Amino acid sequence: MEQTWRWWGPADPITLSHVRQAGASGIVTALHDVPTGELWTVEAIAERRRAVEADPALGLRWSVVESLPIPEAIKLGQGPLEPLFATYRQSIRNLAACGVNTICYNFMPVLDWTRTELRAPLPGGGTALRFNAHQFAAFDCLMLERCGAEADHSPEVLARGRAWFAQATEADKQTLVDTIMAGLPGAFDRYDIPGLRTMLARFAGIDRAALRANLLHFLRNVAPAAEEAGVRLAIHPDDPPRPLLGLPRVVGSAEDLYAIFAGCESPASGLTLCTGSLGAGVGNDLPAIARQFASRIYFAHLRNVAKEPDGSFMEAEHLGGDTDMVAVVTALLEEQTRRKRAGEDRWRIPFRPDHGHELIYDQGRPTHPGYPVIGRLKGLAELRGVITAVAALKGLAT
Ligand code: DNO
């Protein structure tokens, strides 16, 4: 498996030398400064590629784009979409022309990953990302005041949400808004409460079936161009994989994935197996999903979550939590071995340690939430150990 690392570009305080020291050889990055829907030009892509490869001694390559974001109009299925598809197709071709041929993207309306706490304490002083069902209920019902929101939360969770809200200061409430927005990776599309209400209103008529149809419409319009350019598209699951703020989610279960791949059979349409996102879904069996969709897995995000009965969850250690990571890694190594035996040249699956706890020297450093250096270095080292051991014991291709 190709060991990769998410790098936020030249301004990332975690440098390419740090990435090399952590042991990764592939870089996962994006042109975060290009607004969603605008073309990624060959010049801008080539410049980023040169930055990744600037020091040949590091031996790094740009292996995956994460993400090439999709305009909300495509998710809404509204307006003239053909120009948006054409721009997306051209960005794909431009990436291919620069030798970057795996693209991760997601189809989450309005929000990307959603948490309510960015620094939940761990024993010994580290911190982790966390989703508290009661705080999210307080946000939805009492701060956003979304019509009908009460019905989406259990009375027990709502009662705790009200109690939290009653004692929260204005600063606590602002922190909660900022935390819920923190998942949006670029500098764009961050909403305040009125902005969020406006966006939600635009999605009011879009149910699950409509969103799924819009996703398939997108795929049918871009996958053939990706296939022709030799590019693999890897859809990222919804995080968490459940409807939020009344917004439907369509990439959260084996059933969803089946519908996506049955609806667009192009081999260019594949999956980012994100064990943390899917793992937050009650009933998702990750090793089974990895086996069922093995041939479509073009990228993997490996991390773990510990779920709680009320819908809350905590980001766990990479090998801890609810998902059997050894079984997932085994399924990925088996798939690699199958591809290699079949003579495929791109048989190796890129993966990255997804998120990490803030540990030791991470604390107080200006990094992106979920992306500290030591926590990820630890996760990568643990995963590398599992890969090495499983491959050796079972005779599988690494
Ligand atoms: C969170 C990430 C997501 C992911 C996008 C992919 O840390 O896994 O932000 O990059 O959803 O499109």
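A charge is said to sit over a ring if NZ of Lys or CZ of Arg is within 6 Å of the ring centre and within 35 degrees of the ring normal. In this predicted model, R232 fits that description, lying over the face of Y298 at 4.6 Å from the ring centre. A lysine turns up in such a spot too: K173 lies over the face of F165, and here the distance to the ring centre is 4.3 Å.

Stepping back to the overall layout, the domain assignment splits the protein into domain 1 (2–110 + 204–303 + 325–394) and domain 2 (117–182). Taken over C-alpha atoms, the centres of domain 1 and domain 2 are 28 Å apart. Where the two meet, domain 1 puts 12 residues into the contact and domain 2 puts in 16 residues. For a feel of the distances involved, take G99 and Q167: they are 68 residues apart along the chain, and 54 Å separates their C-alpha atoms. G99 belongs to the loop between α4 and β4 (102–106). With 39% relative accessibility, G99 counts as partly exposed, because the buried class stops at under 20% and the exposed class starts at over 50%.

Next comes the inside of the protein. The largest nonpolar core is made of 103 residues, and the ones with the most contacts inside it are F139, L196, L215, F218 and L273. Helix α9 (residues 208–229) is the top contributor to this core, handing over seven residues. Domain 1 (2–110 + 204–303 + 325–394) and domain 2 (117–182) both supply residues to the core, so it lies between them. As for L273, its contacts beyond the neighbours within four places in sequence include L278, L286, I289, A290, F299 and V328. H301 is also among the contacts of L273.

Aromatic rings pair up in plenty of places, and the structure holds nine aromatic pairs. One of them joins Y88 and F218 edge-to-face, with 5.0 Å centre to centre and 85° between the planes. This pair bridges distant parts of the chain, since Y88 is in helix α4 (residues 82–97) and F218 is in helix α9, 130 residues apart. Y88 and F218 are both buried. F131 and F136 make a tilted pair, at 5.4 Å centre to centre and with 35° between the planes; F131 and F136 are buried as well. There is also an aromatic cluster, formed by F85, Y88, Y105, F107 and F218.

Polar residues get tucked away too. H355 is in the loop between β12 (350–353) and α14 (373–394), and it counts as buried because its relative accessibility is 2%. Its side chain makes a polar contact with the side chain of E315, at 2.8 Å. Not counting residues up to four places away in sequence, H355 touches W113, R115, L129, R303, E315, H318, G370, Y371 and R376.

Q336, in helix α13 (residues 325–341), counts as buried because its relative accessibility is 0%. A polar atom of the Q336 side chain lies 3.4 Å from the backbone nitrogen of M1. Leaving aside neighbours within four places in sequence, Q336 is in contact with M1, W347, R348, I349, A397 and T398.

Conventions: Residues numbered from 1 in each chain as written. Predicted model: local features only at pLDDT ≥ 70, side-chain atom pairs only at ≥ 80, totals over all residues. Heavy atoms only, no water. Core = buried A, V, L, I, M, F, W, Y, C linked by side-chain atoms within 4.5 Å. Buried < 20%, exposed > 50% of the residue type's maximum accessible area, 1.4 Å probe, protein only. Helix = DSSP H or I, 4+ residues; strand = E, 2+ residues; numbered from the N terminus. Domains from an automatic or database assignment. Contact = heavy atoms within 4.5 Å. Phe/Tyr/Trp six-rings, centres within 6.5 Å; stacked < 30°, edge-to-face > 60°. Polar contact = N/O pair within 3.5 Å; in protein donor to acceptor, adjacent residues only side chain to side chain.
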